[in-house]
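Grab a pencil and work through these exercises with the model open beside you. Each one has a task, then a solution in small steps.

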Amino acid sequence: MGFASIGSFIMLLFAVLIVTSSIAMIYGRVIESSTLASEIENERQENEINTEIEIKNINFNNLTSPDTTTIEIKNTGKNKINLENFELYVDYIKIPRNMNNRTIGFETGSDEFNPLHWDEKETIIVEVFLDLENVTHLFTATTEYGVRDRITFLG
């Protein structure tokens with residue numbers, strides 16, 4: 001009988017050790033994933049805070065077919081902006097990312113520091129090809145971090 005009690009005690013001890021180590025592992029993974037989520041959110045907020053754009057000028061030309069809207073946009077923030085994820089809207093209508101709908105280039109002399117990247121204090125020239133009515137329109141430029149600038153113009 002003494003051996004049965006000792007055997008039961010040892011099995012209970014192993015069960016407690018397994019449950020305790022499982023809880024510790026799960027808790028460790030929860031803390032690790034929470035820390036990772038916090039780091040990702042901090043990075044997103046930092047990128048959003050350090051990103052800023054300003055629409056400097058907008059010109060509308062209805063003598064072309066389709067109409068051409070030319071916009072000068074300056075990177076006034078501290079981050080470089082990825083032009084592949086740069087979104088443009090006219091009256092809340094997204095302008096698709098292809099050469100038939102829009103072109104993006106750097107202002108002459110603006111892309112000297114780091115070619116092909118839109119760094120701080122550099123200006124891009126955007127041309128949007130879209131027929132518009134002769135009314136007031138809203139142009140919106142949005143970065144990959146959700147930072148945007150808007151301007152109204154007469155079409």
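**Exercise 1. Find where Thr 140 sits, and say whether it is buried or exposed.**

Step 1: look up the element. Thr 140 is part of strand S7, where a strand is a DSSP run of E with at least two residues, a helix is a run of H or I with at least four, and both are numbered from the N terminus.

Step 2: check the accessibility. With a relative accessible area of 4%, Thr 140 is buried (buried is under 20%, exposed is over 50%, partly exposed lies in between, using a 1.4 Å probe and protein chains only).

Step 3: list the neighbours. Leaving out residues up to four places away in sequence, Thr 140 touches Glu 87, Leu 88, Tyr 89, Arg 148, Asp 149 and Arg 150 (a contact is heavy atoms within 4.5 Å).

Before you go on, a word on the numbers: this is a predicted model, so local features need pLDDT of at least 70 and side-chain atom pairs count only at pLDDT 80 or more, while totals for chains, interfaces and linings use all residues. Residues are numbered from 1 along each chain as its sequence is written, and side-chain values use heavy atoms, with hydrogens and water left out.

**Exercise 2. Work out how S7 and S8 pair, and which sheet they belong to.**

Step 1: strand S7 (residues 136–142) and strand S8 (residues 148–154) run antiparallel to each other, with 7 bridges (two strands pair if DSSP finds at least two bridges between them).

Step 2: pick out some partners. Ala 141 is bridged to Asp 149 in S8, and Thr 136 faces Leu 154 in S8.

Step 3: look at the turn. S7 and S8 make a hairpin with 5 residues between them, and Gly 146 in that turn has a positive phi of about 85°.

Step 4: zoom out. The order S4-S3-S7-S8 gives an open sheet of 4 strands with antiparallel pairing. Strand S4 (93–94) and S8 are at the edges with a single partner strand each, so one side of each has no neighbour in the sheet.

**Exercise 3. Put the strands S1, S2, S5 and S6 in order.**

Step 1: go pair by pair. S1 and S2 are antiparallel over 8 bridges, and Glu 54 has Lys 74 in S2 as its bridge partner.

Step 2: strand S2 (residues 68–75) also pairs with strand S6 (residues 123–129), antiparallel over 7 bridges. Here Ile 73 sits opposite Ile 124 in S6.

Step 3: strand S5 (residues 102–106) pairs with S6 in the antiparallel sense over 5 bridges, and Arg 102 has Val 128 as its partner in S6.

Step 4: chain those pairs together and you get an open sheet of 4 strands in the order S1-S2-S6-S5. Its edge strands are strand S1 (53–61) and S5, each pairing on one side only.

**Exercise 4. Which residues make the nonpolar surface patch, and where do you find Leu 17?**

Step 1: the patch is made by Ile 6, Phe 9, Ile 10, Leu 13, Phe 14, Leu 17 and Ile 18, and covers about 710 Å². Patch residues have over 30% relative accessible area and no salt bridge; nonpolar side chains (Val, Leu, Ile, Met, Phe, Trp, Tyr) are joined within 5 Å, like charges within 9 Å. Areas come from the Shrake-Rupley method with a 1.4 Å probe, and for residues only the protein chains shown count as cover.

Step 2: Leu 17 belongs to helix H1 and is partly exposed at 48% relative accessible area.

Step 3: compare Ile 23, also found in helix H1 (residues 2–49). Ile 23 is exposed, at 54%.

**Exercise 5. Trace the salt bridges of Glu 87 and Arg 44.**

Step 1: recall the idea. Side chains of opposite charge can pair when their charged atoms come close. A salt bridge here is a side-chain nitrogen of Lys or Arg within 4 Å of a carboxyl oxygen of Asp or Glu.

Step 2: start with Glu 87, which is buried at 11%. Glu 87 makes a salt bridge with Lys 94 (3.5 Å, N to O) and another with Arg 97 (2.0 Å, N to O). Glu 87 is in strand S3 (residues 87–90), and Arg 97 is in the loop between S4 and S5, 10 residues apart.

Step 3: now Arg 44. Its salt bridge with Glu 48 has the closest N and O atoms 2.7 Å apart. Because Arg 44 and Glu 48 are 4 residues apart in helix H1, about one helical turn separates them.

Step 4: add Glu 41, and you have a network of salt bridges linking Glu 41, Arg 44 and Glu 48.
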